[in-house]
Amino acid sequence: MGKTKQAIVIVGYGGMGSYHAKLIKDNEYLEVTGTYDILEDRRKVSSEDGYPAYVSYEQVLQDAAVDVILIATPNDVHKELALQAFTAGKHVICEKPVTLSVSDFKEMVSAADAARRVLMVHQNRRWDEDFLTIKQMYNEKTIGDLFRIESRVHGANGIPGDWRHLEQYGGGMLLDWGVHLLDQILFMVDSKIVSLSSRLSFILGDEVDDGFESVLQFENGVSALIEVGTTNFITLPRWYVKGTEGTGIIEDWSLNGRVVTRNQDAVIVEPKPIQAGVGLTKTMAPPSEEATITGALPEPYRQSSSFFDNFAAVIRGEAEPIVKNEEVLRVLNLIEAVFESARTGDTLKDFDIYPA
Ligand code: NAD
């Protein structure tokens with residue numbers, strides 16, 4: 001009887017590599033059969049965790065029993081490891097950012113195509129429930145047409161770890177959390193970007209950004225603010241969205257939040273002025289209780305399958321990838337534009353992140 005599970009070797013058994021081993025542990029179609037890390041310490045941890053460690057990457061590539069290489073190393077070596085994997089006839093799951101430039105990614109895709117192997121990027125935050133809740137609101141118009149989407153992640157611990165502080169490894173927060181948030185917004189809003197304005201922050205004095213802000217204007221009227229901060233001792237909500245019929249908020253990863261919509265049946269009464277600072281205002285007075293309806297967040301949009309089940313179905317030739325390489329290319333194009341806008345201080349217009 002043939003083997004029932006595809007054998008995966010995790011390359012880079014650090015924070016994310018070891019997390020992958022846990023994620024794949026009970027998968028019906030995939031099995032982690034080993035790991036490889038350049039550090040002996042990490043190879044030892046892997047063996048202790050029950051995953052035999054190869055002593056060189058060549059050894060992994062030469063092992064005919066290995067079907068898939070999962071790359072979870074620092075960002076600068078993803079491309080080289082992937083190219084070698086394709087030459088050896090292996091499929092590749094690659095951590096985000098898949099690589100550091102559009103041209104490098106095109107090389108990776110060409111190599112995968114030439115070897116007739118699958119390359120799929122681990123954009124796992126397409127499965128986050130907070131994001132899928134906003135996607136549901138966007139698709140189903142729970143608060144009318146969304147015209148403003150603010151997506152933020154805030155921390156106060158600075159840039160984590162070692163290599164993320166350095167440009168040569170592809171460090172910085174735009175290439176870290178930024179990749180996820182930009183991927184989410186492009187996965188949700190299917191419209192051309194007509195303008196982009198971005199700023200990187202260097203508050204901690206690192207050579208790479210410790211956070212950034214981007215404002216994207218889409219052709220369909222949606223404007224999106226994407227913000228990553230690592231020096232925020234008070235955090236703003238994860239999501240704040242405005243629609244033509246109401247406002248929605250998701251405070252945190254636990255999905256605390258609410259939607260407030262206009263009560264169509266309410267008799268409109270002129271708001272009473274309130275004291276605001278040293279002045280009076282009617283404009284900024286809260287709406288009367290009857291004028292609005294406060295409700296729970298909708299159930300999140302459902303993805304058709306998990307990342308790993310989808311990957312396994314793709315290599316069996318039974319499904320389309322949920323994370324498509326043309327979408328990954330768009331995100332990389334957008335990231336290059338974000339760097340450009342931040343470097344020049346310009347608002348970019350008339351640029352195209354959508355490949356022909
Ligand atoms: P890490 O520093 O914890 O682990 C990286 C490991 O790779 C280390 O053990 C290091 O020794 C090893 N390594 C370095 N060069 C290598 C090489 N040439 N061959 C084999 N091993 C090598 O880093 P991390 O936080 O686990 O990040 C790894 C990757 O995972 C990055 O691309 C990062 O962006 C990504 N990541 C993704 C998510 C997500 O949610 N998708 C979360 C965290 C990290």
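This report describes the fold of one protein chain, from its sheets to its helix contacts and backbone details.

**Overall form**

The model is predicted. The protein chain holds 9 helices and 16 strands. Its radius of gyration is 23 Å, close to the 21 Å that the globule rule gives for 356 residues, so the chain is as compact as a globular protein of that length. Along the principal axes, the C-alpha trace of the protein chain spans about 75 × 50 × 45 Å.

**The parallel sheet**

One open sheet has 5 strands, in the order S2-S1-S3-S4-S5. Its pairing is parallel. Strand S2 (30-36) and strand S5 (119-122) stand at the edges. Each of these two has a single partner strand, so one side of each lacks a neighbour in the sheet. From one strand to the next, the twist averages 25°.

Strand S1 (residues 6-11) and strand S3 (residues 68-71) show the parallel pairing directly, over 4 bridges. Val 9 has Ile 69 as its bridge partner in S3.

**The mixed sheet**

Another open sheet has 9 strands, in the order S15-S12-S11-S10-S6-S9-S8-S7-S16. Here the pairing is mixed. Its edge strands are S15 (292-295) and S16 (348-349). Each has a single partner strand, so one side of each is left without a neighbour in the sheet.

Three pairings, each antiparallel, cover the stretch from S9 to S16. The table sets them out with a facing residue pair for each.

| Strands | Sense | Bridges | Facing residues |
|---|---|---|---|
| S7 and S16 | antiparallel | 2 bridges | Ser 195 and Lys 349 |
| S7 and S8 | antiparallel | 8 bridges | Leu 200 and Phe 212 |
| S8 and S9 | antiparallel | 7 bridges | Leu 216 and Ala 224 |

S8 and S9 form a hairpin with 4 residues between the strands. In that hairpin, Gly 221 takes a positive phi near 100°.

**Helices across the mixed sheet**

Helices H7 and H9 both lie across strands of the mixed sheet. H7 lies across strand S6 (146-154), S7, strand S8 (211-218), strand S9 (223-229) and strand S10 (239-243). H7 runs at about 160° to S9. H9 lies across S7, S8 and S16. H9 runs at about 60° to S7.

The two helices also meet each other. The axes of helix H7 (residues 174-188) and helix H9 (residues 325-344) come within 10 Å and cross at roughly 120°. That angle makes H7 oblique to H9. The crossing is right-handed. On the H7 side, the contact is made by Leu 174, Leu 175, Val 179, Leu 182, Asp 183, Leu 186 and Phe 187. On the H9 side, it is made by Glu 327, Arg 330, Val 331, Leu 334, Ile 335, Val 338 and Phe 339. By class, the contact of H7 with H9 has 11 nonpolar residues, no polar ones and 3 charged ones.

**H5 against H9**

H9 has a further helix partner, H5. The axes of H5 and H9 come within 9 Å and cross at roughly 165°. That makes H5 roughly antiparallel to H9. The crossing of H5 past H9 is right-handed. H5 contributes Val 102, Phe 105, Lys 106 and Val 109 to the contact. H9 contributes Asn 325, Val 328, Leu 329, Leu 332, Asn 333 and Glu 336. By class, the contact of H5 with H9 has 6 nonpolar, 2 polar and 2 charged residues.

**Backbone details in loops**

Most residues other than glycine have a negative phi, and most peptide bonds are trans. Two loop sites depart from these habits. A cis peptide bond joins Lys 96 and Pro 97, with omega about -15°. Pro 97 lies in the loop between strand S4 (91-95) and helix H5 (102-115). Lys 141 has a positive phi, near 55°, although it is not a glycine. Lys 141 lies in the loop between helix H6 (129-140) and S6.

Methods: Residues numbered from 1 in each chain as written. Predicted model: local features only at pLDDT ≥ 70, side-chain atom pairs only at ≥ 80, totals over all residues. Heavy atoms only, no water. Axes fitted to C-alpha atoms, helices over the stretch in contact; angles between N-to-C directions. Parallel < 35°, antiparallel > 145°, perpendicular 65-115°, else oblique. Left-handed = near helix turned anticlockwise from the far one by under 90°. Contact = heavy atoms within 4.5 Å. Nonpolar A, V, L, I, M, F, W, Y, C, P; charged D, E, K, R; others polar. Pairing = 2+ DSSP bridges. Rg over C-alpha atoms; globule rule 2.2 N^0.38 Å.
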